[in-house]
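Student: I should like to go through the classifications assigned to this structure and ask for the reasoning behind each of them.

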Amino acid sequence: EKCGYSHFMLKEIMEQPEAVRKTISPRLVNREIVLEELNDAKELMKNISRIYIVACGSAYHVGMVGKYAWEKLLHIPVEACLASEFRYSEPLLGESSLVIVISQSGETLDSMAALREAKRKGSKVLSIVNVMGSSIARESDYVLYTWAGPEIAVATTKAYTTQMVLLLMLGNYLTKQLNRIEQDEYAAIIRELQSLPEKISVILNNLEHYQKTAANYFNHNSIFYIGRNLDYALGLEGSLKLKEKSLSNIVEVKSRGAEVIALTTELTVNQIGSQASEMFVIPKTHLLLQPVLGVIPLQLFAYYVALNRGCDIDKPRNLAKSVTVE
Ligand code: F6R
């Protein structure tokens, strides 16, 4: 079942080019994003003045990226909410709010409860789900499926990347339907969407690098992930400024005795390279799609660190694949 891989997690990491391709390609027709599931996007978005993206765990992290990308694309307020907090935070629900629920399993109890609360208060619910016919899929007004295939390892990988890609596609689709995006920008995003599977493969072709780096770092007591907010939301100048800032963060951390592994794109290798002990380089892509590629080195690093530490990779201690109790 693991097709020669030592763990489901690695198998599923390696399946990402295919999972992303299956999620994207049926929805790209003649260089247009087509989401038949939504039939009338203008109707769906009519009177919507606020969007909530609600999810748990990794799916919530997808929502956090979505918040930045969608606000930039749609020019309306978007909030990413942890499903477990949603019911208790008195969200502004009603007909003018659209609620997006993201869930691999479609069975996570907190996400389900948030969905029901949203519907009870009169909001439309659109879900992004991997498991067909799951509870969340059944109770949503609209469902977009990620075509990641079954995900067995508890730590999500291919479901995460496909959720991300689909959420970004949906944002671009809506902004196009609402005429809120320049044609050039839209065309550039479509081109880059098409090349994502290939670019993921490029990263995955270099497993030895992650294996080696993990072997060097696995016995450190702590690893900190440092980064500024999603700098793509700030445009080119802002992005440049933030990069300069993150460079000075690296110098600061190093001067306090830490070693630095930098995750960077081909464009900034030279700037960053002189400061970092190790680099994970991803191919260049559209800024909005960068998080799809950026997560792959982090998955591989986590996998090989866990392997070196002798962890139970596919079933980490005290974690369940989907949490269906409160
Ligand atoms: C982390 C992980 C969990 C899930 C979370 C939501 O690797 O898998 O954090 O993301 O439990 O699960 P779903 O997406 O099934 O609702």
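The dialogue below sets computed values against the cut-offs that give each label.

Student: What kind of model is this?

Tutor: It is a predicted model.

Student: Why is Thr 213 called buried?

Tutor: The relative accessibility of Thr 213 is 1%, and buried means under 20%, so Thr 213 counts as buried. Thr 213 belongs to helix 10, residues 207–217. Leaving aside neighbours within four places in sequence, Thr 213 is in contact with Ile 261, Glu 278, Phe 280 and Phe 301.

Student: What makes the approach of the Thr 213 side chain to His 209 a polar contact?

Tutor: The side chain of Thr 213 reaches the backbone oxygen of His 209 at 2.7 Å. The cut-off for a pair of N or O atoms is 3.5 Å, and the distance of 2.7 Å lies within that cut-off.

Student: Why is Leu 267 described as exposed?

Tutor: Leu 267 has a relative accessible area of 61%, and exposed means over 50%; therefore Leu 267 is exposed. Its place is in the loop between strand 8 (261–265) and helix 12 (269–273). From Leu 267 to Ile 282, 15 residues apart in sequence, the C-alpha distance is 9.3 Å.

Student: Why is Gln 275 put in the class of partly exposed residues?

Tutor: The relative accessibility of Gln 275 is 24%. Buried requires under 20% and exposed requires over 50%, so Gln 275, at 24%, counts as partly exposed. Gln 275 lies in the loop between helix 12 and strand 9. Apart from neighbours within four places in sequence, Gln 275 has contacts with Leu 247, Ile 250, Val 251 and Lys 254. The C-alpha atoms of Gln 275 and Glu 259 are separated by 9.6 Å, and the two residues are 16 apart along the chain.

Student: His 286 is in a loop; why is it called buried or exposed?

Tutor: His 286 has a relative accessibility of 13%. The limit for buried is under 20%, so His 286 counts as buried. The loop in question runs between strand 9 (278–282) and helix 13 (290–308). Beyond neighbours within four places in sequence, the contacts of His 286 are Glu 185, Ala 188, Ile 189 and Glu 192. His 286 and Ala 276 are 10 residues apart along the chain, with 24 Å between their C-alpha atoms.

Student: How do you know that Ser 135 is buried, and what makes its pairing with Glu 107 a polar contact?

Tutor: Ser 135 has a relative accessible area of 15%, under the 20% limit, and is therefore buried. The side chains of Ser 135 and Glu 107 come to 2.6 Å, which is within the 3.5 Å cut-off for a polar contact. Ser 135 is found in helix 7, residues 135–139.

Student: What makes the phi of Arg 31 worth noting?

Tutor: The phi of Arg 31 is positive, about 60°, although Arg 31 is not a glycine. Most residues other than glycine have a negative phi. Arg 31 is found in the loop between strand 1 (28–29) and strand 2 (32–33). At 65% relative accessibility, over the 50% limit, Arg 31 counts as exposed. Cys 3 also has a positive phi, near 50°, and lies in the segment before helix 1 (8–14). With a relative accessible area of 60%, Cys 3 is exposed.

Student: How do you know which residues surround the ligand?

Tutor: A residue qualifies if one of its heavy atoms lies within 4 Å. The residues around the ligand include Cys 56, Ser 58, Ser 103, Thr 108 and Val 154. The shell divides into 4 nonpolar, 7 polar and no charged residues.

Student: What makes Thr 108 a polar contact of the ligand?

Tutor: A polar side-chain atom of Thr 108 lies 2.5 Å from a ligand oxygen atom, within the 3.5 Å cut-off. Backbone N or O atoms of Ser 58, at 3.1 Å, and of Val 154, at 3.2 Å, also lie within that cut-off of a ligand oxygen. Taken alone the ligand exposes 410 Å², of which the protein buries 81%.

How values were computed. Residues are numbered from 1 along each chain as its sequence is written. This is a predicted model: local features need pLDDT of at least 70, side-chain atom pairs count only at pLDDT 80 or more; totals for chains, interfaces and linings use all residues. Side-chain values use heavy atoms; hydrogens and water are left out. A polar contact is a pair of N or O atoms within 3.5 Å; within protein, one must be able to donate a hydrogen and the other to accept it, and residues adjacent in sequence count only if both atoms are side-chain atoms. Accessible areas come from the Shrake-Rupley method with a 1.4 Å probe; for residues, only the protein chains shown count as cover. Ala, Val, Leu, Ile, Met, Phe, Trp, Tyr, Cys and Pro count as nonpolar, Asp, Glu, Lys and Arg as charged, and the others, Gly among them, as polar. Helices (H or I, at least four residues) and strands (E, at least two) are DSSP runs, numbered from the N terminus. Buried means under 20% relative accessible area, exposed over 50%, partly exposed in between (1.4 Å probe, protein chains only). Contact means heavy atoms within 4.5 Å.
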